Amino acid sequence: ALVALGPIAMFRIDAITVPLAVIGGLWLFSRPAVASALFTIGAWIKIWPGALLVAAVTLLRGRIRMITSAAIVTFVVLLGLVLLGGSRYLLGFLSQMSGRGVQIEAVGPTPLLWLTQVGATQIQYSREILTFEVAGAGVPVVGALLTPLMALGVLVVAGLALWRLRAGASARRLLPATMLALVAVLIAGNKVGSPQFQLWLLTPVILWWLFDRPRATVPTIVVLIEFVLTQAVYPIVYDQLLRAELLPIVLLSARNVLLIVTCVLAIRAIVRTPILSSVPRPDLRRS
């Protein structure tokens with residue numbers, strides 16, 4: 001996976017959060033409080049491990065311990081920031097996200113990126129946050145819809161997983177598919193489409209191979225192809241993408257479509273997770 005994704009997999013802060021999340025996932029069943037703490041630490045570095053915590057709290061026992069552990073870590077982080085004089089920046093990431101435009105590599109504006117071919121939209125550089133964004137008709141509407149749709153997607157995925165759990169499905173088999181679906185929703189609904197975001201998918205894929213290997217093959221292949229396409233776009237043809245040339249738009253669109261496919265595969269796995277039979281077997285000795 002690291003080779004497929006390229007240098008971006010190693011030289012961004014996501015290379016710290018992914019190992020933390022993998023270790024947390026491995027300890028979920030034996031040390032849920034420690035796992036929750038690691039997810040929470042990761043979420044304060046980069047928000048996405050919070051999706052893994054949502055999946056764990058939704059599906060696993062020990063919810064009180066996990067929530068308590070997350071609250072303690074959060075309190076320590078907030079206390080440290082206040083003591084260091086950074087209290088006014090506590091919610092800065094929220095205001096930054098709400099005020100920014102739509103990045104060219106994000107999933108949502110993919111159709112708008114195609115409109116650059118006919119001059120209806122264009123790619124511009126934002127000097128405020130130092131990134132390239134799509135500008136033109138329809139962009140404000142897409143930007144306004146993405147965050148609510150992301151929140152709705154998280155609720156739907158968590159609700160489906162909880163429904164299957166209550167119907168009698170195995171939490172161990174539900175967990176990695178739920179994690180992958182939630183992470184895919186976070187990426188797909190994000191205004192930002194940075195290539196390193198794809199690395200987030202690696203944690204649920206690894207856990208899927210460990211917890212429910214027979215169903216992990218197809219999602220893994222799709223994710224690896226996403227990684228290859230991501231590296232093909234950045235850094236290989238990124239200069240051409242900034243000039244709105246056709247080939248990089250095709251490659252980027254294929255990558256974004258595969259992300260949606262990944263989410264669909266994970267949701268399908270949640271819905272199709274077998275129900276554990278609670279009907280007692282007949283006593284064959286009596287017959």
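The largest cavity in this predicted model encloses about 40 Å³ of space. The count of cavities of 30 Å³ or more comes to 1.

**Cavity and pocket**

Eleven names would crowd a sentence, so the cavity lining is split here by stretch of sequence. Glu105, Ala106 and Val107 are part of the lining. Ile187, Gly193, Ser194, Phe197 and Gln198 also line the largest cavity. Arg255, Asn256 and Leu259 complete the list. Helix H13, residues 246–271, gives the largest share of this lining, with 3 residues.

The second largest pocket has a volume of about 210 Å³. Its lining includes Val142, Leu145, Leu146, Leu149, Met150, Leu152 and Gly153. Gly108, Val185, Ala188 and Gly189 line this pocket too. Two elements each give two or more residues to the lining: helix H8 (139–167) and H9. H8 supplies the largest share, 7 residues.

The table sets out the two spaces by volume and lining class.

| Space | Volume | Nonpolar lining | Polar lining | Charged lining |
|---|---|---|---|---|
| Largest cavity | about 40 Å³ | 5 residues | 4 residues | 2 residues |
| Second largest pocket | about 210 Å³ | 8 residues | 3 residues | no residues |

**Nonpolar cores**

The largest nonpolar core has 58 residues. Those with the most contacts inside this core are Leu28, Trp48, Leu60, Leu175, Met179, Val183 and Leu201. Helix H9, residues 171–188, contributes the largest share of the core, 14 residues.

What does Met179 contact, leaving aside its neighbours within four places in sequence? Its partners are Leu28, Phe39, Leu52, Ala55, Pro204 and Leu207.

A second core is separate and has 23 residues. Ile123, Val233, Leu241 and Leu252 are among them.

**Helix H10**

Helix H10 spans residues 202–211 and is mostly covered. Of its 10 residues, 7 are buried. These are Leu202, Thr203, Pro204, Val205, Leu207, Trp208 and Phe211. Two of the names, Pro204 and Leu207, also appear among the contacts of Met179. The cover over the buried residues of H10 includes helix H1 (2–5), helix H2 (14–26) and helix H4 (49–59). H9, H11 and H13 take part in that cover as well.

**The hairpin**

Strand E1 (residues 121–126) and strand E2 (residues 131–136) run antiparallel. They are joined by 6 bridges. Ile123, one of the residues in the second core, has Val134 as its bridge partner in E2. The hairpin has 4 residues between the strands. In this hairpin Leu130 takes a positive phi near 55 degrees.

**Backbone details**

Where is the cis peptide bond that involves Pro235? It runs from Tyr234 to Pro235, with omega near 15 degrees. Pro235 itself is found in helix H11, residues 217–236.

Ala244 is not a glycine, although its phi is positive, at about 60 degrees. Ala244 sits in the loop between helix H12 (238–242) and H13. Is Ala244 buried or exposed? Ala244 counts as buried because its relative accessibility is 19%, and the cut-off for buried is under 20%.

Definitions and conventions: Residues numbered from 1 in each chain as written. Predicted model: local features only at pLDDT ≥ 70, side-chain atom pairs only at ≥ 80, totals over all residues. Heavy atoms only, no water. 1 Å grid on protein atoms, 1.4 Å probe; cavity = no way out; pocket = protein on both sides within 12 Å on 5 of 7 lines; lining within 4 Å. Points joined across faces, edges and corners; volume = space filled by probe spheres on them. Nonpolar A, V, L, I, M, F, W, Y, C, P; charged D, E, K, R; others polar. Core = buried A, V, L, I, M, F, W, Y, C linked by side-chain atoms within 4.5 Å. Buried < 20%, exposed > 50% of the residue type's maximum accessible area, 1.4 Å probe, protein only. Contact = heavy atoms within 4.5 Å. Pairing = 2+ DSSP bridges.
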